[in-house]
Amino acid sequence: MTDTSVRIDGNRLSLPGGASVRFIRTLRLPETGTHPLPPGLGEFPVRRVSDYADTVPEQWRARGGVMLPVYLREAMWLSFAGTREPAALQVGVGKVCAVSGRPWSDRLSRDPQNYVVLPRQPWLDGINSGTGTVRQFVAVPLGMGATVEGQVTGEEVWGGVQLQAFPLSAPELLRWREEERRRRESAARGARSGGAFGAPAPAAAPAAPGAAPGYGGAIRPRSAPAMGLGVGGSMRQEVYRDQRPLTDWAERPAGRVFVHLVTPPEWRRITGEAPPPSPVDRAAYTRAGLPWYDYYDQDAHDLAPTEPLQDVKPVGDWTGDDHEPWQTPAPHQVHPLKDAPGRPVQDGDW
């Protein structure tokens with residue numbers, strides 16, 4: 001029988017079909033200008049909600065999933081390194097699709113595309129803003145109206161991050177596996193004969209790096225100690241258009257998981273663990289000469305911006321100006337990339 005369980009291995013989520021997701025701490029970008037990809041500064045710790053049933057809010061127990069601690073206005077990105085087989089992954093922020101801006105759905109769509117294709121998409125740093133850019137994921141409390149969910153839907157009900165994976169259909173998966181077997185055999189023959197090694201594997205992510213239809217209503221606060229994702233600065237990153245026909249993918253998701261975001265004090269209360277240290281000072285990182293990244297795939301095509309996400313305002317409009325000094329990285333600090341077992345997570349109702 002097919003395993004539909006999402007599993008947690010360390011801080012990595014493994015979804016059925018082989019999709020792998022890690023949540024990476026990073027530097028928050030200024031809310032003006034367009035910037036290189038910020039580096040990764042370690043993983044967020046991830047824990048199963050079911051392991052803390054006595055201390056999490058009742059609503060979280062009903063939704064199941066996992067949780068992670070995040071500071072106010074802390075930025076994150078999602079790494080998909082380690083994904084083993086092709087997958088169509090939907091990413092929701094408060095049950096608003098981070099790619100299309102449309103309501104959360106249990107079906108794949110191409111007009112507009114409501115998913116990213118793994119492993120071609122090595123990471124996702126924010127909501128799709130088109131023209132080769134995304135706007136950075138930044139954590140804010142529910143109830144202010146600053147989340148993507150609040151701005152697009154007029155409500156703040158869900159918060160968190162939602163993930164849902166679709167594998168290839170059975171015939172297409174068999175075909176892909178056979179092609180991979182032949183490619184590996186060809187590469188092995190080339191290695192033995194001193195020739196070419198065949199096509200390279202997809203690059204892994206570096207260690208360091210108007211309302212939509214059906215929406216409406218006033219922003220309403222909520223009492224649960226929950227966080228959602230708003231947006232920060234813009235960075236150069238493409239969200240790739242799927243090159244496969246939609247019929248190549250399974251009609252139904254193989255697995256899904258709700259990721260709750262919690263404040264550090266609540267994390268300590270719920271889990272008894274110390275939260276990660278506060279976010280790293282951005283100017284100190286740049287002054288130290290540490291790397292930033294540019295990623296470009298010459299064979300891929302970027303998705304156009306979608307209407308629901310075009311008017312999302314940055315969290316600074318709610319929380320005030322950013323008083324942390326910004327120091328632009330020197331050109332030599334920006335590095336070009338590419339062409340330049342775990343425990344099951346309980347799902348719930350959401």
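Where is Lys-95 found? Select Lys-95 and you land in the loop between S9 and S10. Before going further, a word on what is on your screen. This is a predicted model, in which local features need pLDDT of at least 70 and side-chain atom pairs count only at pLDDT 80 or more, while totals for chains, interfaces and linings use all residues. Residues are numbered from 1 along each chain as its sequence is written, and side-chain values use heavy atoms, with hydrogens and water left out.

**The whole protein**

Switch on the cartoon: there are seven helices and 19 strands. These are DSSP runs numbered from the N terminus, with helices being H or I of at least four residues and strands being E of at least two. Now try a surface. The accessible surface comes to about 15,200 Å², and 51% of that belongs to carbon and sulfur atoms; the areas come from the Shrake-Rupley method with a 1.4 Å probe, and for residues only the protein chains shown count as cover. Of the 350 residues, 54% are buried. Buried means under 20% relative accessible area, exposed means over 50%, and partly exposed is in between (1.4 Å probe, protein chains only).

**First strand, S1**

Select residues 6-9, which make up strand S1. Val-6 and Ile-8 sit on the covered face, while Arg-7 and Asp-9 are on the uncovered one. Next, add residues 343-345: this is S19, which pairs with S1 in the antiparallel sense over three bridges. (Two strands pair if DSSP finds at least two bridges between them.) On the S19 side, Ile-8 stands opposite Arg-343.

Then add S2, residues 12-14, which is antiparallel to S1 and joined to it by three bridges. Here Ile-8 stands opposite Leu-13. The hairpin of S1 and S2 has two residues between the strands, and Gly-10 in this hairpin takes a positive phi near 70 degrees.

While you are here, show the side chains of Asp-9 and Arg-12. They form a salt bridge, with the closest N and O atoms 3.1 Å apart. A salt bridge is a side-chain nitrogen of Lys or Arg within 4 Å of a carboxyl oxygen of Asp or Glu. Asp-9 is partly exposed at 27% relative accessibility, and Arg-12 is partly exposed with a relative accessible area of 27%.

**Into the cores**

Which residues touch the most other members of the largest nonpolar core? Pick Leu-13, Phe-23, Leu-89, Leu-163 and Val-259, out of 51 residues in that core. Apart from it lies another core, of 10 residues, including Trp-60, Leu-142, Trp-267 and Ile-270. A nonpolar core here is a set of buried Ala, Val, Leu, Ile, Met, Phe, Trp, Tyr and Cys residues joined through side-chain atoms within 4.5 Å.

**Thr-271**

From Trp-267, move along to Thr-271, in helix H4 (residues 264-271). Thr-271 is buried, with a relative accessible area of 14%. A polar atom of its side chain lies 2.7 Å from the backbone oxygen of Trp-267, and a polar atom of the Thr-271 side chain also lies 3.0 Å from the backbone nitrogen of Glu-273. Leaving aside neighbours within four places in sequence, Thr-271 is in contact (heavy atoms within 4.5 Å) with Tyr-52 and Met-67.

**More salt bridges**

The structure holds 18 salt bridges. Try Asp-242 and Arg-110, whose side chains meet at 3.8 Å, N to O. Asp-242 is buried at 4% relative accessibility, whereas Arg-110 is partly exposed at 32%.

Then select Glu-172, Arg-175, Arg-244 and Asp-248, which are linked in a network of salt bridges. Within it, Arg-244 and Glu-172 meet at 3.8 Å, N to O. Glu-172 is buried, with a relative accessible area of 16%, and Arg-244 is partly exposed at 22%.

**Backbone oddities**

Most residues other than glycine have a negative phi, and most peptide bonds are trans. So what is phi of Lys-95? It is near 60 degrees, a positive value, and Lys-95 is buried at 16% relative accessibility. Arg-73 also has a positive phi, near 65 degrees. Look for Arg-73 in the loop between S7 (66-69) and S8 (75-79), where it is buried at 11% relative accessibility.

Finish with two prolines. The peptide bond from Asp-111 to Pro-112 is cis, with omega near 5 degrees; Pro-112 is in the loop between S9 (87-93) and S10 (116-118). The bond from Leu-118 to Pro-119 is cis too, with omega near 0 degrees, and Pro-119 sits in the loop between S10 and S11 (123-124).

Conventions:
Polar contact = N/O pair within 3.5 Å; in protein donor to acceptor, adjacent residues only side chain to side chain.
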